[in-house]
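Trainee: Could you take me through one part of this structure slowly, namely the place where the ligand sits? I would also like to hear how the parts of the chain beyond that place are arranged.

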Amino acid sequence: MQHTTDLNGRVAVVTGASSGIGRAIAIGLAEAGARVVVNHRAGGDSQARGAAVVESIQRSGGTAVAAAADISREADVDHLFEQAVQHFGRVDILVNNAGVEHPSPIADMTLADWQRVIDVNLTGHFLCARAAARAFKTQPPDPSRQNRSVGNILFISSVHEVIPWAFQVNYAASKGGISLLMKSLAQELAPDRIRVNSIAPGAIRTAINQPAWDTPQALAKLLELIPYGRIGEPEDIAQAAVWLASDASDYVTGTTLFVDGGMTLYPEFRGAG
Ligand code: BGC
């Protein structure tokens with residue numbers, strides 16, 4: 001059997017790639033042979049971290065370029081895709097990863113808290129998916145990959161696209177939205193040979209959920225929610241992303257792959273209920 005997780009020749013845009021899951025995915029796709037656009041927020045820490053991801057890819061012999069953009073802004077997203085085409089001539093893979101959390105009890109949640117999460121996690125993903133679809137439909141197909149997808153969109157969703165999350169109604173609503181955004185897009189774009197899927201990570205060791213794992217007590221409490229008995233690592237998601245971005249999964253579209261150590265299996269029902 002031919003090994004088809006090779007991404008040689010393909011160009012991937014990864015949003016929110018300066019840290020956490022996005023960083024691991026950018027590195028994973030580059031290791032598989034893709035040329036990667038490492039998107040990050042403009043300025044400060046994000047800029048420096050984005051540059052560090054690019055350097056680390058280049059040191060390992062890969063190809064990458066950093067590109068600043070706030071994905072919730074239409075003009076930034078258009079510019080991000082222009083930069084990708086300017087650098088690498090085309091775009092084959094979008095990993096819609098950038099996401100934020102602004103938790104708060106509902107009575108205290110400001111409109112700004114709500115809006116920022118929806119703007120980045122849902123509207124930002126729409127804007128990037130639209131830009132990717134436009135590129136996929138207009139660029140010439142890669143002649144080395146006949147009968148395969150002409151474009152691939154991958155959403156990084158969350159277990160909270162199905163698990164309700166008190167104090168994070170904005171976040172859960174954005175991820176629930178991604179579930180049907182992804183499926184509707186998959187239905188719309190399949191005839192164009194564009195594949196659209198999601199990965200729903202569970203608890204992954206990154207900065208976004210640090211308080212949930214950085215003390216032994218917090219980690220023990222978190223592990224009660226994970227039947228598989230360990231926290232996830234960003235590389236667990238990167239492996240799944242490489243597979244979903246590659247021709248090894250060519251017949252897969254409209255699917256959410258849960259990579260969560262069983263968090264969505266309702267572990268509290270073991271021996272109960
Ligand atoms: C959130 C994390 C959380 C995990 C499991 C993710 O989507 O970003 O903060 O630990 O879901 O609850």
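Mentor: Let us begin with His 160, which places a polar side-chain atom 2.7 Å from an oxygen atom of the ligand, and keep in mind throughout that this is a predicted model. Tyr 171 also reaches the ligand in this way, for one of its polar side-chain atoms lies 2.6 Å from a ligand oxygen, and Asn 209 has a polar side-chain atom at 3.3 Å from an oxygen atom of the ligand. The ligand would expose 310 Å² if it were taken alone, and the protein buries 89% of that area.

If you now look at the whole surrounding shell, you will find His 160, Tyr 171 and Asn 209 in it together with Glu 101, Ser 158, Val 159, Trp 165, Gly 202, Ala 203, Ile 208 and Met 263. Sorted by class, this shell has six nonpolar residues, four polar residues and one charged residue. The charged one is Glu 101, because Glu is counted in the charged class.

From the ligand we can turn to strand β5, which covers residues 151–156 and has six of its six residues buried. In a regular strand the side chains alternate between the two faces of the sheet. For β5 both faces are covered, with Gly 151, Ile 153 and Phe 155 buried on one side, and Asn 152, Leu 154 and Ile 156 buried on the other. Strand β4, made of residues 93–96, runs parallel to β5 and is joined to it by four bridges. To find one of these places in the model, look for Leu 94, whose bridge partner in β5 is Ile 153.

Following the chain onward, you come to Phe 167, which belongs to the loop between β5 and α5, the latter being residues 169–189. The backbone of Phe 167 deserves a careful look, since its phi is positive, at about 70 degrees, although this residue is not a glycine. Phe 167 is also exposed, because its relative accessible area is 55% and the cut-off for that word is over 50%. On the other side of α5, in the loop that leads to β6 (194–201), you will find Arg 193. The phi of Arg 193 is likewise positive, near 65 degrees, in a residue other than glycine. Arg 193 is described as partly exposed, because its relative accessible area of 44% falls between the limits of 20% and 50%.

The early part of the chain offers another pair of strands, for β1 and β2 pair in the parallel sense over four bridges. Within that pairing, Ala 12 has Val 36 as its bridge partner in β2. Strand β2 runs over residues 35–40, and five of its six residues are buried, so the strand is largely enclosed by the rest of the structure.

In the segment before β1 (11–14) lies Asn 8, and with a relative accessible area of 55% this residue is exposed. Even so, Asn 8 has partners farther along the chain, because, leaving aside residues up to four places away in sequence, it touches Ala 32 and Gly 33, each having heavy atoms within 4.5 Å of it. The C-alpha atoms of Asn 8 and Gly 33 are separated by 4.2 Å, although the two residues are 25 residues apart along the chain.

Two helix residues complete this look. Gly 20 lies in helix α1, which is made of residues 20–31, and it counts as partly exposed at 23% relative accessibility. Leaving out residues up to four places away in sequence, Gly 20 touches Thr 206 and Pro 234. By contrast with those contacts, the C-alpha atoms of Gly 20 and Gln 168 are separated by 20 Å, and these two residues are 148 residues apart along the chain. Phe 126 belongs to helix α4, residues 111–138, and at 37% relative accessibility it too counts as partly exposed. Between the C-alpha atoms of Phe 126 and Ser 72 the separation is 9.1 Å, with their positions 54 residues apart along the chain.

Conventions: Residues are numbered from 1 along each chain as its sequence is written. This is a predicted model: local features need pLDDT of at least 70, side-chain atom pairs count only at pLDDT 80 or more; totals for chains, interfaces and linings use all residues. Side-chain values use heavy atoms; hydrogens and water are left out. A residue is near a molecule or strand if one of its heavy atoms lies within 4 Å of it. A polar contact is a pair of N or O atoms within 3.5 Å; within protein, one must be able to donate a hydrogen and the other to accept it, and residues adjacent in sequence count only if both atoms are side-chain atoms. Accessible areas come from the Shrake-Rupley method with a 1.4 Å probe; for residues, only the protein chains shown count as cover. Helices (H or I, at least four residues) and strands (E, at least two) are DSSP runs, numbered from the N terminus. Buried means under 20% relative accessible area, exposed over 50%, partly exposed in between (1.4 Å probe, protein chains only). Two strands pair if DSSP finds at least two bridges between them.
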